[in-house]
Each structure stands twice: as structure tokens, then as C-alpha cells.
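Dear colleague,

I am passing on the structure we spoke about, together with some notes on what turned up when I went through it. Please have it open beside this message as you read.

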Amino acid sequence: MFLLMTALKNEHDRDKVSKIYRLYQGTMFFIANRVLMDPYLAEDAVSEAFIKIINHLDKIDPVDCYRTRGFIVIIVRNTALDLRRKRTKNWGREVVFEESVISSGCLDSVLENITSREACQKIADCINQLHESYSDILYLKMEFGCSNKEMAKILRISQDKVKMRLYRARRALEVLLTQGDKSNE
């Protein structure tokens, strides 16, 4: 950690990384260890995650908020999953939702009768129901305003895969929102 800190250009960035480390090191280790089931590999994952966090330090402000925690959780979980995949050479498969054709105006009709707060809560609840690969990409896009290039770098996938996941995630979200609306009738 000390070597990483000395590589930072200014005092503000060093303070920010130091605060992130103090606030989230335990959470990061817990998540990495839960994925890897090996405390030594978990430490490696946390170190790699900190390098990624430092590369995206401009996206983090303020340090002690739910958005920052979510961003850090996504990075450390994906880093740990990458380590596990490298270790086991089992690259897994992406989950693909079975999707029906939905008109573009369908989402508007779902949300037109509820308030903004209820809409936001409903959308957040539905995003939480999505597969991690879909919820992560929507979270990075909507909360942090990451570009496709930034998301590709964070998630370690191609930009084409980012586009496809965004498309599928939006469609899956639309399906969940539409199903929730029909169940209220």
C-alpha cells in the first residue's frame, strides 16, 4: 500500500486513497475472501483492486458514501473473480436472459402513474434483482456516468461486450419493470 501511495501525484489523492483504505479495507478483504476462500489470494485481490481504484480515483468523491462503497465492491469482487478464474482456468459463462419483444413506450407507461421517488425505488429494486453482470454495468453507467471504454477497463471486458451487456441489462430491467406493473393490476 505504501508504494501505491508514493506513486500518487498530489497530497489530495494520497489523502483520498488513505481514507478509502481505512474505510473499506475490511469490506474489500471480506468480499475477496468470500469469493476466493483463501486469505492470501484475497490479499492479492485487494491489492490489485486498489490499483484499479487509484486508476479511477477521479470517479470517487466523496469517499464515505454508498456510491463509493458500491463502486469499490464491484471492483474488488470482479478482481477476485478474475483471480479465481485464472487460478481454476474455468472461465464460466455469461448469463443471458430470455427476453420478449417489448415496445419502447412500455417503460413510460409503467412509470407514468407513480411519483419520481417511487419510480427510483422501483428501478433500484429491479436492478438489484438482475444478475450481477447486468446490475454492475447499469450501476457503473447510471451512478458513475462511466463511458463504455471506462467500463470495459474496470470490468476487464471488451467495449463490444460492454455494449451488449448494457443492451441486455436494459432489456432485462424493462422486463422486470413491466412484470412488476402487471402484477399490481
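In which hand, left or right, does helix 2 cross helix 3? Before the reply, please bear in mind that this is a predicted model. Helix 2 passes helix 3 in a right-handed crossing.

The pair can be described a little further. Helix 2 spans residues 11-36 and helix 3 spans residues 39-55, and the two pack at an angle of about 135 degrees, with their axes 8 Å apart. An angle counts as roughly antiparallel over 145 degrees and as roughly perpendicular from 65 to 115, and helix 2 and helix 3 are therefore oblique to each other. On the side of helix 2, the contact is made by V17, I20, Y21, M28, F29, A32, N33 and L36, while helix 3 brings P39, L41, A42, E43, A45, V46, A49, F50, I53 and I54. Sorted by kind, the residues of this contact comprise 16 nonpolar, one polar and one charged.

Two of the helix 2 residues just named, I20 and M28, come up again in the largest nonpolar core, which has 50 residues and in which I20, M28 and L140 are those with the most contacts. Two or more residues each are given to this core by helix 2, helix 3, helix 4 (66-88), helix 6 (116-129), helix 7 (132-144), helix 8 (148-155) and helix 9 (159-183), and the largest share, nine residues, comes from helix 4. As for L140, if residues up to four places away in sequence are not counted, it touches F71, G145, C146, M151, I154 and L155.

Helix 4 also holds two charged residues that you may wish to look at, namely D82 and R84. Is D82 buried or exposed? With a relative accessible area of 10%, D82 falls under the 20% limit and so is buried; leaving aside neighbours within four places in sequence, D82 is in contact with K52 and R156. R84, by contrast, is partly exposed, with a relative accessible area of 38%. R84 touches V35 and L36, again not counting residues up to four places away in sequence, and L36 is one of the helix 2 residues in the contact with helix 3. Finally, R84 and L41 are 43 residues apart in sequence, yet their C-alpha atoms are 8.7 Å apart in space.

With best wishes

Methods. Residues numbered from 1 in each chain as written. Predicted model: local features only at pLDDT ≥ 70, side-chain atom pairs only at ≥ 80, totals over all residues. Heavy atoms only, no water. Axes fitted to C-alpha atoms, helices over the stretch in contact; angles between N-to-C directions. Helix = DSSP H or I, 4+ residues; strand = E, 2+ residues; numbered from the N terminus. Parallel < 35°, antiparallel > 145°, perpendicular 65-115°, else oblique. Left-handed = near helix turned anticlockwise from the far one by under 90°. Contact = heavy atoms within 4.5 Å. Nonpolar A, V, L, I, M, F, W, Y, C, P; charged D, E, K, R; others polar. Core = buried A, V, L, I, M, F, W, Y, C linked by side-chain atoms within 4.5 Å. Buried < 20%, exposed > 50% of the residue type's maximum accessible area, 1.4 Å probe, protein only.
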